[in-house]
Amino acid sequence: MNSQVAQTTTNADELAISAFPRQMIDAWNRGSGEGFAAPFSETADFITFDGTHLKGRKEIAAFHQQVFDTAAKGTRLEGEVDFVRFVNSQLALMLVVIRVILAGQSETSPSRDSLPLYVVTKGDEGWQIEGLLNTRKLTLERQFFLDDFDSLSAEAQRQVTDLVVSLKQRH
């Protein structure tokens, strides 16, 4: 952080920003879409890991509540802030590391690891999340596997999928 920004931001600013991921993780683990979306501004942009663009706190809350009630039911998150960088006294970037524990599991699932990048602004209501780009953490080895899988015919992809299901049932 340059000295001018350091003079205009405080430790309290960084603590306020750094609290957002914990608040969102706790809300996720409770299955609360409203709680998950609470740190976002009314006009925030949220790009999910699959590229879905959510606009505004209400849409972020509704989308996540549906996910919590269906596909992500019973999942839990762990995570921590990697860094907060102040661009100026009213704008900061934050990178967070998120790990997912699938329903019925006790360990995280590395294929679900993500690295959300937050854009956080300070206005009359204090710090709020204005933008979040959620991206999956993907090793080159996994990417090469996915590239190879995508290059297979539909029938070969089905066979690989069936093999994986069969292997999971045996272990």
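Student: Which residues do ring pairs link into a cluster?

Tutor: Trp28, Phe36, Phe40, Phe46 and Phe68 form that cluster. The model is a predicted one, and it holds six aromatic pairs.

Student: Why is the pair of Phe36 and Phe68 called edge-to-face?

Tutor: The ring centres of Phe36 and Phe68 are 6.1 Å apart and the angle between the planes is 80°. A pair needs centres within 6.5 Å, and planes over 60 degrees apart count as edge-to-face, so both conditions are met. Phe36 belongs to helix α3 (residues 33-37) and Phe68 to helix α4 (residues 57-69), with the two positions 32 residues apart, so the pair links distant parts of the chain.

Student: How do you know whether Phe36 is buried or exposed?

Tutor: Its relative accessible area is 5%. Buried means under 20%, so Phe36 is buried. Phe68 also has a value of 5%, and therefore Phe68 is buried by that cut-off.

Student: What makes the pair of Phe40 and Phe46 tilted?

Tutor: The centres of Phe40 and Phe46 lie 5.7 Å apart, with 50° between the planes. Under 30 degrees would be stacked and over 60 edge-to-face; 50° is neither, so the pair is tilted. Both Phe40 and Phe46 are buried.

Student: Why is the charged end of Arg136 said to sit over the ring of Phe49?

Tutor: The charged end of Arg136 is 3.7 Å from the centre of the Phe49 ring. The distance limit is 6 Å, so that part of the test is met. The charge must also lie within 35 degrees of the ring normal, and Arg136 is listed as sitting over the ring.

Student: Which residues have the most contacts inside the largest nonpolar core?

Tutor: They are Ile17, Phe36, Phe40, Ile60 and Tyr118, in a core of 29 residues. Elements that each supply at least two residues of this core include α2 (11-30), β1 (40-47), β5 (117-123) and β6 (126-133). The largest share, six residues, comes from α2.

Student: What is Ile60 in contact with, leaving aside its neighbours within four places in sequence?

Tutor: Ile60 is in contact with Phe36, Ala37, Phe40, Ala44, Phe46 and Leu54.

Student: What is the order of the strands in the open sheet?

Tutor: The six strands run in the order β2-β1-β6-β5-β4-β3, with mixed pairing. From one strand to the next the twist averages 20°.

Student: Why do β2 and β3 stand at the edges?

Tutor: β2 (53-55) and β3 each have a single partner strand, so one side of each is left without a neighbour in the sheet.

Student: How do you know that β1 and β6 pair?

Tutor: Two strands pair if there are at least two bridges between them; β1 and β6 have four, so they pair, and the sense is parallel. Phe40 stands opposite Ile129 in β6. Strands β3 (residues 76-88) and β4 (residues 91-101) pair over 11 bridges, in the antiparallel sense. A hairpin of two residues joins β3 to β4, and Asn88 is opposite Leu91 in β4.

Student: Where do α2 and α4 lie on the sheet?

Tutor: α2 lies across β1, β3, β4, β5 and β6, at about 155° to β3. α4 packs on the sheet and touches β1, β2 and β6, its direction making about 55° with that of β1.

Student: How many helices and strands are there in the chain?

Tutor: The chain has six helices and six strands, following the pattern α-α-α-β-β-α-β-β-β-β-α-α along the sequence.

How values were computed
Residues are numbered from 1 along each chain as its sequence is written. This is a predicted model: local features need pLDDT of at least 70, side-chain atom pairs count only at pLDDT 80 or more; totals for chains, interfaces and linings use all residues. Side-chain values use heavy atoms; hydrogens and water are left out. Buried means under 20% relative accessible area, exposed over 50%, partly exposed in between (1.4 Å probe, protein chains only). A nonpolar core is a set of buried Ala, Val, Leu, Ile, Met, Phe, Trp, Tyr and Cys residues joined through side-chain atoms within 4.5 Å. Contact means heavy atoms within 4.5 Å. Axes are lines fitted to C-alpha atoms, for helices over the stretch in contact, and angles run from 0 to 180 degrees between N-to-C directions.
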